[in-house]
Amino acid sequence: MIVVPEAACPSLLSLDDAFAPVEAVFAAMARGDATNFPVVREALGGAEEALYGFKGGYDRAGATLGLKAGGYWPHNLAHRQLTNHQSTVFLFDPETGRPTAMVGGNYLTAARTAAASSVSIKHLARPDARVLGMVGAGHQAVFQLRAALRQRPFERVVGWNRDPDRLSRLAEVAGEAGLPFEAVSLDRLGAEADVIVTIASSFAPILAAAQVRPGTHLACMGTDTKGKQEVDSTLLARATVFTDEIAQSVTIGEAQHAVAAGLIRAADITPLGAVINGTHPGRASPDQITLFDGTGVGLQDLAVAARVVALAKAAGLAAEVAF
Ligand code: NAD
C-alpha cells in the first residue's frame with residue numbers, strides 16, 4: 001500500500017494537475033461510468049462537537065474505488081493548532097478489494113474543489129470574460145481564485161467578503177498573476193464581473209438575483225450542506241443550472257432552495273459532465289446566465305488522490321507499506 005502524507009500533497013499535485021482528473025470524472029459520471037455512493041455524515045457529539053463522515057464511489061472508467069473519511073472538528077485550531085477540516089482518502093483495487101493507497105485529504109479537498117469551478121468556467125463562461133468576481137475570502141477562496149485565473153485571460157479581479165480585511169489574501173494572489181484587485185460592493189461586483197465564484201459559508205443568500213447581469217457565469221461552491229445558501233433562489237430560475245451531481249444539488253447544494261420553492265425542478269439541472277461529453281451544448285448565447293452548483297462529490301477526491309499517488313510513484317517519493 002502506498003502512503004502519501006498530507007504534507008507531501010501540495011508539492012506533488014499542482015492545481016493544474018487536479019484539473020484533468022476532475023474533468024474526466026465529471027464526464028464519467030455523466031456517461032454512467034462512475035457512481036458516488038450515499039454520503040454518511042454524523043455528529044459525534046461530546047465536547048469536540050465534530051461532524052464525521054464518508055464520501056465514496058467507484059469510477060469504472062478510471063478503475064478508482066475508495067472513500068474519503070473525515071469531517072469538521074470546530075475546536076481543532078483553537079485547542080491544538082490543527083486544521084478544523086480533517087480528511088484522509090483511502091483507495092482500493094476494484095478487482096480484489098485490497099487497499100492500494102492512503103493519502104492526506106486536506107489539501108486535495110481544496111485542489112479538487114478549485115478544479116471543479118475551474119472546469120465549469122472552461123466549459124460555460126463566455127470566451128470574452130475579462131473580469132473575475134470573488135465572493136468569500138476564507139481558506140478555499142485562495143485556491144478558487146488561482147484555479148479560475150487559469151481559464152480565461154482575466155484582466156482584473158473584484159472581490160467581496162463579509163469581513164473585508166480578509167480580502168488582502170485574494171489581492172496577493174491576483175497580484176502574483178499581475179492583475180489588479182479591488183474590494184467592491186456586491187452591486188459593483190455583479191455589475192462588473194463576467195465570472196463570479198462564490199465560496200462562502202453562509203445560511204442566507206449573499207448575492208441578489210438583480211445584482212447579476214446577463215451573460216455572467218457563476219460557480220457557486222460554498223453550499224455543500226442542507227440549509228446553506230449563497231445566492232437568491234430566484235437567480236437559479238433565471239439561470240441555466242449545471243452541477244456535479246443532481247442528487248446532491250437538490251438536497252445539499254445551492255439548488256436545494258429553488259427546488260424547495262418550486263422555482264426549478266431537478267429535471268431542469270444538467271450535469272456538467274454532459275457538457276464535457278458534448279451531449280449538452282452548454283452556454284447557448286452570450287446573454288445567458290450559467291450557474292454551476294458545485295456540491296463536492298467523493299469521486300473528485302478519489303480522482304485527485306489517484307493522480308497524486310501516480311505523481312508520487314513517478315517522482316520516486318511513494319512510501320510503500322506492506323499491508
Ligand atoms: P472558511 O471558514 O475558511 O471561510 C468562510 C468564508 O465564508 C469567509 O469568507 C467568511 O467571511 C464567509 N462567511 C461566513 N459566514 C458568512 C455569512 N453569514 N455571510 C457571508 N459570508 C460569510 O471556509 P472555507 O474552508 O473557505 O469554505 C467555504 C465554504 O465552502 C464552506 O461553506 C465549505 O463548507 C464549502 N466547501 C465546499 C466544497 C465543495 O466541494 N463544494 C469543498 C470545500 C468547502
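**Backbone outliers, helix packing and ligand contacts**

Glu49 is located in the loop that joins β3 (40-45) to β4 (50-59). The structure described here is a predicted model. Although Glu49 is not a glycine, its phi is positive, at about 50°. A second residue of this kind is Ala63, which is not a glycine and has a positive phi of about 50°. Ala63 is placed in the loop between β4 and β5 (64-72). Strand β4 (50-59) thus follows the loop of Glu49, and the loop of Ala63 lies between β4 and β5.

Helix packing was examined next. Two packed helices are described by the angle between their axes and the distance between the axes. Helix α2 (residues 15-31) packs with helix α12 (residues 298-314) at an angle of about 135°, and their axes are 9 Å apart. At this angle α2 and α12 are therefore oblique to each other. The crossing in which α2 passes α12 is right-handed. On the α2 side the contact is made by Asp17, Ala18, Pro21, Val22, Val25, Phe26 and Met29, and on the α12 side by Leu299, Gln300, Ala303, Val304, Arg307 and Leu311. By class, the residues of this contact between α2 and α12 are ten nonpolar, one polar and two charged.

Helix α2 also packs with helix α4 (residues 106-124), here at an angle of about 65° and with the axes 8 Å apart. Helices α2 and α4 are therefore roughly perpendicular to each other. The crossing of α2 past α4 is right-handed. From α2, Leu15, Ala18, Phe19, Val22, Glu23 and Phe26 take part, and they meet Tyr107, Ala111, Arg112, Ala114, Ala115, Ala116, Ser118, Val119, Lys122 and His123 of α4. This contact of α2 with α4 comprises eleven nonpolar, two polar and three charged residues. Ala18, Val22 and Phe26 of α2 belong to the contact with α12 and also to the contact with α4.

A further pair is formed by helix α5 (residues 139-149) and helix α6 (residues 168-176), whose axes come within 10 Å and cross at roughly 20°. Helices α5 and α6 are therefore roughly parallel to each other. Helix α5 passes α6 in a crossing that is right-handed. The α5 residues in contact are His139, Ala141, Val142, Leu145 and Arg146, and those of α6 are Arg169, Leu170, Val173, Ala174 and Glu176. The contact of α5 with α6 contains six nonpolar, one polar and three charged residues.

The ligand has 22 residues around it, of which Arg112, His139, Asn161, Lys228 and Gly294 come nearest. Two of these residues also appear in the helix contacts: Arg112 in that of α2 with α4, and His139 in that of α5 with α6. A polar backbone atom of His139 lies 2.8 Å from an oxygen atom of the ligand. For Asn161, a polar side-chain atom is 2.6 Å from an oxygen atom of the ligand. A nitrogen atom of the ligand is 2.9 Å from a backbone N or O atom of Met221. The pairs given here thus involve the backbone of His139, the side chain of Asn161 and the backbone of Met221.

Terms used
Residues numbered from 1 in each chain as written. Predicted model: local features only at pLDDT ≥ 70, side-chain atom pairs only at ≥ 80, totals over all residues. Heavy atoms only, no water. Axes fitted to C-alpha atoms, helices over the stretch in contact; angles between N-to-C directions. Helix = DSSP H or I, 4+ residues; strand = E, 2+ residues; numbered from the N terminus. Parallel < 35°, antiparallel > 145°, perpendicular 65-115°, else oblique. Left-handed = near helix turned anticlockwise from the far one by under 90°. Contact = heavy atoms within 4.5 Å. Nonpolar A, V, L, I, M, F, W, Y, C, P; charged D, E, K, R; others polar. Near = heavy atom within 4 Å. Polar contact = N/O pair within 3.5 Å; in protein donor to acceptor, adjacent residues only side chain to side chain.
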